[in-house]
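Below are some questions on a predicted model, each with a short reasoned answer.

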Amino acid sequence: MHEAARIFSDRKRLFLFLFLSVLCLIVFYYSKCFRYDGDIRLWKQDADVYSILVEKYRDCSPADILSDFDETQQYTDHEYRLLENAKYLSSYHEYLDNVREQAERLKKTSIFSADEKSYTYRNIIKTAEDFAACSADNIKLGNYTAVEDMLGNGSADWFYLASIVFLVMAFMDEKEKMLLAVIRATPAGRGRLTAARMTILACFSAVMAGLFYLVPLEISLMINGGREDLSNPVQSMIEMQKCTEQISVAGFIVRYLLIKAAAGFLIGMILWFIVSFIERRQQSWTTAAIFVTGEYLLYSNIQPHSVMSILRDVNVFSFLFAEKLFTEYENVNVFSFPVRHGTLLVWVAVILAICLGTALVLSCCRRYSLGDNGAGKAGKLINTFGDMLRSRMHLYGLESYKIIFCSITGLALIACIIGTQTVLCTDVRYATIENYLYQRYINEIKGPVTEDTFRYIREAKDNLDTADMDVGDYEEALYRLEEYVNSIDEGDWVVDEIALLDIYGERAWIMPRLNSLMAAVFLTLSLSTLFTAEKDMDITRLVRSTARGRRYLFWTKYAVALTVTLFIWYRVYCGEWRAVIAYLGREVLDAPCSSYATFRSYGSIMLKQFLRLLYLLKLVLMIIPVNISVFVGERYRSYEKCLLMNGLIIAIPAFIYLLHFSRISFYTPISLLADRNPLLKGTSSFVELIIWSVIGAAALICAEREWRSLKS
Amino acid sequence: MMNLITDNLRRDGGDITYDGTEIRELGAGYRKLLGYMTQEHALFEGMTAESFLVYMCRLKDIPGKIIKDEVSRVLQQVNLEDERHNTIDSFSGGMKQRMLLAQALLGDPKILILDEPTSGLDPKERVRFRNNLKEISKDRIVLLATHIVSDLEAVADEILLLRKGRLLRSGTPEELIESLPEDTVPVLHSLSLEDVYLYYLGEDDDA
């Protein structure tokens, strides 16, 4: 109880947990509400339309619903969704029959039935048995939007993970404050303290799982309705087609939350074990970061049925992203026996919890952590090798080492690598249904206008003439294409303007802003420590008394800051750049910009040259927040204050900007990195560019002066 | 005073010269001659002892070729050779104190400024330090600020007694002891520098 009071009475920590919870809710709210410009009333109105539609057809059979809609008519989004649900409900029994028939067929196939003790044979039998329990009789049409929202709220997993990490950090307070020996010397400082912390971790995991998953569900239920459908079998939801558990939707939610809570507890135990077992603070957190990164890379890169799939299946992220345990039917090969992935994870969780609990108690009670143990010897060996490398480094290398390995920057950069695994360039489609065929034709002939282009159009027309189907839409698309090709100026290419609008159009603002927010957050986290390390360690006077401790050191640190910036630019913006190229197609990279109406003013510059220029400009523009961060770092005496100020000046405005408060664009340099880029907006963003460039330059000059000035 | 000599504090007035030249004019050239040991345990704790000293060598503009030898020399001098690959956060207070002294000795500085160098050292290390200091002070200026008077008796050629930034008295240890009134009652069995300290500065916390 006292330990809980100690942990949660720390205002900073409490604020952090509340901040994460609120941020998670804001992200959820805006992910649902952004298409309504953040207006909750519009969201509610739209949700009500679907609720009424579901209500209207609730008691109808899927066949009746399908027959009520004309195949040729244009559907609204809600009608389309309802139809998809009806199709799913009507085909579910067919799906079950298929699974059973396939199992029977495979059993009779000689290559599978030859060895009845093989994993493959047993897997076929088990799959058939699991699906045999499923029935299509009870599944019903319902409004499951809220549950779907909860399952689609992927950001909650990361907020949840962050909160668990911060709690484990709280367990390490005595190590940070050099009180470990004092605490261990008290009667309750070992076993009882460890037990108390395990209880706190378990309760905290359950409460945070509720906050991060149940609260968004409740909000969505209030907006979308569908509470009465929670008693329906879980297979009533399209996403749960492969689920073989005989439970209701409500039962699924309870299980889902329990697994999330267990996942939080388990991840917390693993991290706690790592950081308490390894003596040196820096090494322990670096190891924990490497472990989490490694697990994530294994989870995201190993294919489900590869030889190494066990590393993906038994993985902390399999626990964390628990929805896949229900939405995907997967058996894992355990000594030739097929075991349901979920069942395996539950057993692994129980075994791990027991083992880690025992190890933690032993580590905290029996191990004399102040002594020189095996981990310490291994650490020394690593240090010896590291020292050999570092002795050859110049100041730049040593400053880089300091910032990456002796501060939180290393963790921020690892987070950057994980967070930028997939960088998207668009999330909107300018294309309408009418554009679909037109775009398909364009993609066939993208490139310079040649005789082949005209031949293709002629042949396509001929094909339509001989087709025995309704080709009205095709003819219209071809006519449009022909008109477009004829209007192309000499030297210009056939290009897909709609695809370009998906990336740089007025409505395509989310992804550029999201990517810029990522860059801002990683910059803030990475650079806040660079100029505060000396002050944090009270070493400023010592450093300033050396020959190179003033101007030279400042510019060396600045060079390191630029290198970190280059890395973040590479991860975020080069990722975006690659996504843009993939989206537009490599074949149009040599097209002159004038081929695109959007970029007409850039004339004969090739698209690839324009993109190079655009992304290099983004790199240059990133220097503005870097300079501000350097200035803030120089002004504030501690890392925490610097991080807070950088967050307030750089990251928070970027976040508000992401939430479609476009008017704030003037108050954040991040807008220039996103959809207010001067190359895209031309003179309309010129004033912002000038003002922020002056602020950036002034911040750097002031920081340099401040660094070498004498203190009064 | 330490901050003024190391040019870490803005001066209201006056000059500080080295060989007749104002230290601000000498700039980095002057700081190359300095070896400064602060009173605080100011070290990058995540670094190993060797890495920290290499880092300080780079800051002191010591040529790369001699850095390795220089690091080994100072580590030997402060008796931390066996700890060179351990991170500083695992060091005790006394070891950190020796690390600070080691970095001050890097580059064989002509001016050595030591602020409370022996606080936190055990008696064995203190004796070792005094002997080292005697050795190295032969051909350089050593400015030692300390409240441990016995250190001074062992190593100081000349002592300056300062009160509130003003010079109160100066001289060799013997001269200062002789300057005491005849009726001074010694703290120990005979008059020593501790009696001088108590007589001149005893009631002053800022001494």
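Q: In which sense do strand E4 and E5 of chain B pair, and over how many bridges?
A: Strands here are DSSP runs of E with at least two residues, helices are runs of H or I with at least four, and both are numbered from the N terminus. Two strands pair if DSSP finds at least two bridges between them. One bridge partner of interest is Val142(B) in E5(B), opposite Leu112(B). Strand E4 (residues 111–115) of chain B and E5(B) pair in the parallel sense, over five bridges.

Q: Which strands of the open sheet E3-E4-E5 (chain B) stand at the edges?
A: The sheet is parallel and has three strands in the order E3-E4-E5. An edge strand has a single partner strand, so one side of it is left without a neighbour in the sheet. The strands in that position are E3 (34–37) and E5 (141–145) of chain B.

Q: What angle does the direction of helix H6 of chain B make with that of E3(B)?
A: Axes are lines fitted to C-alpha atoms, for helices over the stretch in contact, and angles run from 0 to 180 degrees between N-to-C directions. Helix H6 (residues 93–105) packs on the sheet and touches E3 and E4 of chain B. Its direction and that of E3(B) make about 170°.

Q: Which helix gives the most to the side of chain A that touches chain B?
A: Contact means C-beta atoms, placed from the backbone, within 7 Å. The contact takes 30 residues from chain A and 36 residues from chain B. Helices H14, H19, H20 and H28 of chain A each supply at least two residues of that side of chain A. With five residues, the one that gives the most is H19(A).

Q: How are residues and chains labelled, and which pLDDT limits apply?
A: Residues are numbered from 1 along each chain as its sequence is written, while chains are lettered from A and ligands numbered from 1 in the order in which they are written. In this predicted model, totals for chains, interfaces and linings use all residues, local features need pLDDT of at least 70, and side-chain atom pairs count only at pLDDT 80 or more.

Terms used
Two residues are in contact if their C-beta atoms, placed from the backbone, lie within 7 Å.
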